[in-house]
Amino acid sequence: EQEVAENRKSLAIRVSGFDVPRPVKTFEDCGFAPELMRAIAKQGYEKPTTIQCQALPIVLSGRDVIGIAKTGSGKTASFVLPMIVHIMDQPELQKEEGPIGVICAPTRELAHQIFLETKKFAKAYGIRTSAVYGGMSKLDQFKELKAGCEIVVATPGRLIDLLKMKALTMTRATYLVLDEADRMFDLGFEPQIRSIVGQIRPDRQTLLFSATMPRKVEKLAREILSDPIRVTVGEVG
Ligand code: ADP
Ligand code: MG
């Protein structure tokens, strides 16, 4: 325990919550399958970033996480890699329809970046990823979602539109990520986020990532996450 605490301190990692798994040092420590290890190596990722060292083992254990670390710290892979494992671990879900992993991001640029990062790792498994955001044809996105996918990366407004159009159902969604939660709030997406969360089964795994943690975001996190572990890296709020 003492050693784990010192290890965290040297990495500038702070955690709160009960039964927090210890940080990993390598991607091997995460127990990823060979295909995933190859995809990670192909990206040139030699070792996990600081947030990944602590967030990966927690997310892989199935716990809800609040991850706070500055931009550029590698938050995306902290939720994308365990999402691939989550999907592959649930063969019974694969018979149904609708996404298993749902990722919300504030802007089309961010959603697109997450989409690209996800595809790199999902491809090897034949996991289908769809991106839906404004500025692209809603009809095309409707058709793509109708064709089926395991992961959807979306801006909240467009996802709500497509849910209303019944382009997808959330019946098999069990892994929800709210990325850049502070910016989603700044952009006024709180009602859309609450609506999306309300359509996903409560026994889901929920992850919330943010560069800062304003009170409003903290309040939402308390309402929609279950016994979350909070991981903070560096000098952020
Ligand atoms: P954040 O979401 O925290 O702003 P990103 O997930 O976008 O950060 O990652 C920032 C950059 O770091 C990206 O270019 C990503 O490909 C790269 N990256 C992520 N994880 C690693 C890693 N373990 N090793 C090397 N580069 C990484
Ligand atoms: Mg990010």
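Is Q2 buried or exposed? In this predicted model, Q2 is exposed, because 6 other C-beta atoms lie within 10 Å of its own, and a residue counts as exposed at 12 or fewer. Q2 sits in helix α1, which covers residues 2–10. Its C-alpha atom is 39 Å from that of F115, and 113 residues separate Q2 and F115 in sequence.

That distance can be set beside the dimensions of the chain. Along the principal axes, the C-alpha atoms of the protein chain fill a box of roughly 55 × 40 × 30 Å. The radius of gyration of the protein chain is 17 Å; a compact globule of 237 residues would have one near 18 Å, so the value agrees with that expectation. Of the 237 residues in the protein chain, 44% are buried.

The fold is built from 10 helices and eight strands. As for contacts in the protein chain with a separation of 6 or more, 74% of them join residues that are 24 or more positions apart.

The remaining topic is the ligand. Around ligand 1 lie Y45, P48, T49 and Q52, together with A69, and further along the sequence T71, G72, S73, G74, K75, T76 and A77. Helix α4, which spans residues 75–88, gives the most to this shell, with three residues. Sorted by class, the shell around ligand 1 holds seven polar residues, four nonpolar residues and one charged residue. The charged residue is K75, since Lys is counted in that class.

Notes: Residues are numbered from 1 along each chain as its sequence is written. Chains are lettered from A and ligands numbered from 1 in the order in which they are written. This is a predicted model: local features need pLDDT of at least 70, side-chain atom pairs count only at pLDDT 80 or more; totals for chains, interfaces and linings use all residues. A residue is near a molecule or strand if its C-beta atom, placed from the backbone, lies within 6 Å of it. Helices (H or I, at least four residues) and strands (E, at least two) are DSSP runs, numbered from the N terminus. The radius of gyration is taken over C-alpha atoms; the globule rule is 2.2 Å times the number of residues to the power 0.38. A residue is buried if 20 or more other C-beta atoms lie within 10 Å of its own, exposed if 12 or fewer, and partly exposed in between; C-beta atoms are placed from the backbone. Two residues are in contact if their C-beta atoms, placed from the backbone, lie within 7 Å.
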